[in-house]
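Q: Please take a close look at the interior of this structure and at the contacts made there. I would like one connected account, written for a structural biologist.

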Amino acid sequence: MNPMKEDGAKFLFVLCILALAARLVPAALYIDVPNLPHDMQYYLEHAKFFGEGKPYDRVQSNGLGVVYGPLSLASYWAWVSVFGTNYFTLKLMPIIFDVLTIILVYLIALKAAGLQAAKYASFLYAFSYLALLSAGALGNDDHMFLFFLM
């Protein structure tokens with residue numbers, strides 16, 4: 001294997017482990033809430049409808065229309081079927097997709113601008129305050145969509 005590729009692979013592996021740890025810490029700290037925050041309840045509601053074969057393109061219980069596509073609903077339904085509806089475990093799916101997005105950022109930057117740019121770009125994304133807060137503390141689904149958009 002090329003020494004440059006080995007160096008990049010080691011860097012990416014260590015970066016992903018550190019980024020995962022940086023997201024798991026706030027995920028574990030921010031779990032003491034009386035109800036599921038933001039839209040998490042709606043994700044689960046529509047994932048349940050999807051799993052039961054019911055149409056998911058109905059109006060939510062809060063009166064707003066559903067904007068989640070079948071891939072998102074299928075992902076949540078499968079995740080909840082395996083791990084349940086504990087808030088911490090629900091936040092793990094966006095965290096995993098966010099860490100996978102770091103790999104995509106690295107690969108896109110590597111192809112576009114070389115190894116150094118790939119390291120800088122993936123490092124900046126890995127420890128971006130918004131990514132840490134959004135995926136780790138809140139568990140927003142935006143990281144799943146970002147992963148599939150890339």
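A: In this predicted model, 69% of the contacts in the protein chain with a separation of 6 or more are between residues 24 or more positions apart. The chain that makes these contacts has seven helices and zero strands, and its pattern along the sequence reads α-α-α-α-α-α-α. Of its 150 residues, 37% count as buried. The accessible surface of the chain comes to about 8,500 Å², and carbon and sulfur atoms account for 70% of that area.

The interior may be entered through its nonpolar cores. In soluble globular proteins, nonpolar side chains tend to be buried together. The largest nonpolar core here has 14 residues, and those that touch the most other members are Leu12, Cys16, Ile102, Tyr106, Tyr125 and Ala126. Helices α1, α4 and α5 each supply at least two residues of this core, and the most comes from α4, which gives five. Leu12 shows how such contacts are made: with neighbours within four places in sequence left aside, Leu12 is in contact with Ile102, Ile103 and Tyr106.

A second, separate core has 11 residues, among them Trp79, Tyr87, Leu90 and Phe97. Of these, Leu90 lies in helix α4 and is buried, because its relative accessible area of 0% is under the 20% limit. From C-alpha to C-alpha, Leu90 and Trp79 are 7.8 Å apart in space, with their positions 11 residues apart in sequence.

Polar side chains are also found in the interior, and Ser122 is a clear case to follow. Ser122 is placed in helix α5, which covers residues 115-126. With a relative accessible area of 0%, Ser122 is buried. A polar atom of its side chain lies 2.7 Å from the backbone oxygen of Ala118. The backbone oxygen of Lys119 also lies by a polar atom of the Ser122 side chain, at 3.2 Å. Beyond the residues within four places in sequence, the contacts of Ser122 are with Phe11, Leu15, Ile102, Val105 and Tyr106. Two of these partners, Ile102 and Tyr106, are named in the largest nonpolar core, and they are also in contact with Leu12.

Another serine, Ser75, is found in helix α3. Its relative accessible area is 17%, so Ser75 counts as buried. Not counting residues up to four places away in sequence, Ser75 touches Met93 and Met144.

Charged side chains come next. In the whole structure, a search finds two salt bridges. One of them joins Asp7 to Lys119, with the closest N and O atoms 2.6 Å apart. Because Asp7 lies in helix α1 (residues 3-29) and Lys119 in helix α5, this pair ties together parts that are 112 residues apart in sequence. The partners do not share a burial class: Asp7 counts as partly exposed, at 36% relative accessibility, whereas Lys119 counts as buried, at 15%. Lys119 is also the residue whose backbone oxygen lies 3.2 Å from a polar atom of the Ser122 side chain.

The other salt bridge is formed by Arg23 and Asp98, whose closest N and O atoms are 2.5 Å apart. Arg23 lies in helix α1 and Asp98 in helix α4, so parts that are 75 residues apart in sequence are tied together by this pair. Arg23 counts as buried, at 0% relative accessibility. Asp98 is likewise buried, with a relative accessible area of 0%.

Helix α2 completes this view of the interior. It comprises residues 40-51, that is, 12 residues, and reaches 16 Å from its first C-alpha to its last, close to the 16 Å expected at 1.5 Å a residue. Its buried residues are Met40, Tyr42, Tyr43, Leu44, Glu45, His46, Ala47 and Phe49. Their cover includes α3 (70-83), α4 (87-113) and α6 (129-138). Following α2 is Gly53, which has a positive phi, near 80°.

Taken together, helix α4 recurs throughout this account. It gives five residues to the largest nonpolar core, holds Leu90 of the second core, and is part of the cover over the buried residues of α2.

Conventions. Residues are numbered from 1 along each chain as its sequence is written. Side-chain values use heavy atoms; hydrogens and water are left out. Helices (H or I, at least four residues) and strands (E, at least two) are DSSP runs, numbered from the N terminus. The expected span of a helix is 1.5 Å times one less than its number of residues. Buried means under 20% relative accessible area, exposed over 50%, partly exposed in between (1.4 Å probe, protein chains only). Contact means heavy atoms within 4.5 Å. A polar contact is a pair of N or O atoms within 3.5 Å; within protein, one must be able to donate a hydrogen and the other to accept it, and residues adjacent in sequence count only if both atoms are side-chain atoms. A salt bridge is a side-chain nitrogen of Lys or Arg within 4 Å of a carboxyl oxygen of Asp or Glu. Accessible areas come from the Shrake-Rupley method with a 1.4 Å probe; for residues, only the protein chains shown count as cover. A nonpolar core is a set of buried Ala, Val, Leu, Ile, Met, Phe, Trp, Tyr and Cys residues joined through side-chain atoms within 4.5 Å.
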